[in-house]
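Biologist: Can you walk me through this model? Keep it simple, please.

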Amino acid sequence: MRLGMGLGLGNLLSGQPLTGFPNDFSFNFDGSNDYLIVENNSGLGFADGQAFSVSLWFNTTASGDMYLLDNRGGGSTTEGFAVTLNASGTNYLGYIADGANAAFVTNTVDYNDGNWHHLAFTWDGTDTITSYIDGSSVGTGTQALGEVDGGDLYIGKYSANNSNYWNGLIDEVAIWNVALSASDVAKIGSKPVDFSKASTYATDRTANLKL
């Protein structure tokens, strides 16, 4: 599956308790060759000093090293950002590189329980990444970085080659050109939301949406 982009941000359950997404409106990746690609994504490059945030929902029962998203174009020290999960190893719950150095947050928690989880990370524009699971902070990483200007954004696989495919569901991928506050992330992580509604946020962030 190779699409320009098609995440249905309008197919949401805003205002309802989170019991699950309707699978008809969530992308179901098979773990072998399914992925989405956002090509020529010049709007997702971030200059030195520019903050940004990434948010998504995921659901899986699979094991192994899998990429939720990646736009680095070739590995750990190329420019861009990535999120990976490994049910039997290290999760990179936000990885940002400028071509020479990287800032990241990791843990070894298993999230392959068949439940929906919300993941977000924020970059302050200079030296701190903060990652969240289900609305709560799970750690920070510190490394001074310059411009973060990745390549095409791949959702559901490693960007450099056909490997590490996601096996499970992904929904509501969103990217902002601002560092969301902890209260913003908690609100988004509490239930599926309609990103077009300013009332979703502690502060109106709708103008900052890049994807």
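**Aromatic pairs first**

Biologist: How many aromatic pairs are there?

Modeller: The count comes to 13 aromatic pairs. Rings of Phe, Tyr and Trp (its six-membered ring) pair if their centres lie within 6.5 Å; planes under 30 degrees apart count as stacked, over 60 as edge-to-face and the rest as tilted. One is Phe-46 with Phe-52: the ring centres are 4.2 Å apart and the planes meet at 10°, so this pair is stacked.

Biologist: Before we go on, where do these values come from?

Modeller: This is a predicted model, where local features need pLDDT of at least 70, side-chain atom pairs count only at pLDDT 80 or more, and totals for chains, interfaces and linings use all residues. Residues are numbered from 1 along each chain as its sequence is written, and side-chain values use heavy atoms, with hydrogens and water left out.

Biologist: Back to Phe-46 and Phe-52. Buried or exposed?

Modeller: Both Phe-46 and Phe-52 are buried. Buried means under 20% relative accessible area, exposed over 50%, and partly exposed in between (1.4 Å probe, protein chains only).

Biologist: What does Phe-52 form with Phe-121?

Modeller: An edge-to-face pair, 6.3 Å centre to centre with 75° between the planes. Phe-52 lies in strand β3 and Phe-121 in strand β8, so the pair ties together parts that are 69 residues apart in sequence. Phe-121 is buried too, like Phe-52. Phe-46, Phe-52, Phe-81 and Phe-121 form one aromatic cluster.

Biologist: You said strands. What counts as one?

Modeller: Strands (E, at least two residues) and helices (H or I, at least four) are DSSP runs, numbered from the N terminus. Two strands pair if DSSP finds at least two bridges between them.

Biologist: What order do the strands take in the open sheet?

Modeller: There are six, in the order β1-β12-β3-β8-β9-β10, with antiparallel pairing. The edge strands are β1 (27-30) and β10 (136-142), each pairing on one side only. From one strand to the next, the twist averages 25°. Axes for such angles are lines fitted to C-alpha atoms, for helices over the stretch in contact, and angles run from 0 to 180 degrees between N-to-C directions.

Biologist: Which strands does helix α1 touch?

Modeller: Helix α1 (residues 182-190) packs on the sheet and touches β3, β8, β9 and β12. Its direction makes about 160° with that of β8. Contact means heavy atoms within 4.5 Å.

Biologist: How many bridges join β3 to β12?

Modeller: Six, and the two strands run antiparallel. Ser-53 has Trp-176 as its bridge partner in β12.

Biologist: New topic. How many salt bridges does the structure hold?

Modeller: One. A salt bridge is a side-chain nitrogen of Lys or Arg within 4 Å of a carboxyl oxygen of Asp or Glu. Here Arg-72 joins Asp-70, with the closest N and O atoms 2.7 Å apart. Arg-72 is buried, at 7% relative accessible area. Asp-70 is buried as well, at 0%.

Biologist: What ring does Arg-72 lie over?

Modeller: The ring of Tyr-95, at 5.3 Å from the ring centre. The rule is NZ of Lys or CZ of Arg within 6 Å of the ring centre and within 35 degrees of the ring normal. Lys-157 also has its charged end over a ring, that of Tyr-154, 4.5 Å from the centre.

Biologist: And which residue stands opposite Tyr-95 in β7?

Modeller: Phe-104. Strands β6 and β7 form a hairpin with four residues between them. Gly-99 in the turn has a positive phi of about 105°.
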